[in-house]
Amino acid sequence: MEPKVGIIMGSQSDWPTMKAAADILDQLGIPYETKIVSAHRTPDRLWDYGRGAARRGLKAIIAGAGGAAHLPGMMASKTRVPVIGVPVQTRALSGVDSLYSIVQMPRGFPVATMAIGAAGAANGGLMAAAILANEDAALAERLDAWRADLSASIPDEPVDE
Ligand code: RP5
């Protein structure tokens, strides 16, 4: 099946975080691709990916990067496909650097910025699913069921662990 979502990341080292987005897309049966695309180390790859994204039928791009995390913003500058940014947690500054690099986009080129780390990556997957569900009734049902299951898994009261 042709990918509907692109999961891109600046480095192999981002994959343990970004895998949380892939896991969600797997659970919801959404076809996706994964690529290493670095704003700094492979800028030509970034340009080519952004130029072809809409034509190839991608409906959302989940872009994770850490530190000077320019990948999501640069991708948003190259394609109108919605870009969901995931700030990867860094060792030096705990991902606050990544968050600030991604979230403060200038007017005109938005990046939907998630939380720092794996929770943000998972939410990136859910955000992409929600975008696709607007035009896909079967997926909308699966997403509603996923959300209901999560709610049902939350206990009423805390227990001693
Ligand atoms: C960024 O630099 C990547 O997104 C990664 O989070 C960070 C560190 O990359 P590596 O030095 O681990 O390859 O471009």
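Is Ser 94 buried, exposed or partly exposed? Ser 94 counts as partly exposed because it has 13 C-beta neighbours inside 10 Å, where a buried residue would need 20 or more. The model discussed here is predicted. Its sheet has 5 strands with parallel pairing, and a ligand is surrounded by residues that include Gly 10, Asp 14 and Val 88.

**Sheet**

- The sheet is open, and its strands run in the order β2-β1-β3-β4-β5.
- Strands β2 (32-36) and β5 (112-113) lie at the edges, each pairing on one side only.
- Helix α1 (residues 15-27) packs on this sheet and touches β1 (5-9), β2, β3 and β4. The direction of α1 makes about 170° with that of β1.
- Strands of a sheet pair through backbone hydrogen bonds, in either a parallel or an antiparallel manner.
- Strand β3 (residues 60-66) pairs with strand β4 (residues 83-88) in the parallel sense, over 6 bridges.
- Two residues with bridge partners in β4 are Ile 61, which is matched with Val 83, and Ile 62, which is matched with Ile 84.

**Burial of β4**

- Strand β4 is mostly covered, with 6 of its 6 residues buried.
- Both faces of β4 are covered. Val 83, Gly 85 and Pro 87 are buried on one side, and Ile 84, Val 86 and Val 88 are buried on the other.

**Nonpolar core**

- In soluble globular proteins, nonpolar side chains tend to be buried together.
- The largest nonpolar core in this model has 44 residues. Those touching the most other members are Val 5, Ala 21, Ile 61, Ile 62, Ala 63, Leu 71 and Ile 84.
- Two or more residues of this core come from each of β1, α1, α2 (43-52), β3, α3 (71-78), β4, α4 (96-103) and α5 (118-133).
- Leaving aside residues up to four places away in sequence, Ile 62 touches Val 5, Ile 7, Ala 21, Ile 84, Val 86, Gly 124, Gly 125 and Ala 128.

**Ligand surroundings**

- The residues around the ligand are Gly 10, Ser 11, Ser 13, Asp 14, Ser 38, Ala 65, Gly 66, Gly 67 and Val 88.
- By class, this shell consists of 6 polar, 2 nonpolar and 1 charged residues.
- Val 88, one of the residues around the ligand, is also among the buried residues of β4.

**Individual positions**

- Ser 94 sits in the loop between β4 and α4. Its phi is near 60°, a positive value in a residue other than glycine.
- Val 81 sits in the loop between α3 and β4. Val 81 counts as buried because it has 20 C-beta neighbours inside 10 Å, and 20 or more is the requirement for that class.
- Contacts of Val 81, not counting residues up to four places away in sequence, are Ala 53, Ala 54, Leu 58, Lys 59, Ala 60 and Ile 61.
- Val 81 and Ile 116 are 35 residues apart along the chain, and their C-alpha atoms are separated by 22 Å.
- Thr 113 belongs to strand β5, which is an edge strand. Thr 113 is nevertheless buried, with 24 other C-beta atoms within 10 Å.
- Thr 113 touches Gly 85, Ile 102 and Val 103, not counting residues up to four places away in sequence.
- The C-alpha atoms of Thr 113 and Pro 72 are separated by 9.0 Å, and the two residues are 41 residues apart along the chain.

Technical notes. Residues are numbered from 1 along each chain as its sequence is written. This is a predicted model: local features need pLDDT of at least 70, side-chain atom pairs count only at pLDDT 80 or more; totals for chains, interfaces and linings use all residues. A residue is near a molecule or strand if its C-beta atom, placed from the backbone, lies within 6 Å of it. Ala, Val, Leu, Ile, Met, Phe, Trp, Tyr, Cys and Pro count as nonpolar, Asp, Glu, Lys and Arg as charged, and the others, Gly among them, as polar. Two strands pair if DSSP finds at least two bridges between them. Helices (H or I, at least four residues) and strands (E, at least two) are DSSP runs, numbered from the N terminus. Two residues are in contact if their C-beta atoms, placed from the backbone, lie within 7 Å. Axes are lines fitted to C-alpha atoms, for helices over the stretch in contact, and angles run from 0 to 180 degrees between N-to-C directions. A nonpolar core is a set of buried Ala, Val, Leu, Ile, Met, Phe, Trp, Tyr and Cys residues joined through C-beta atoms within 7 Å. A residue is buried if 20 or more other C-beta atoms lie within 10 Å of its own, exposed if 12 or fewer, and partly exposed in between; C-beta atoms are placed from the backbone.
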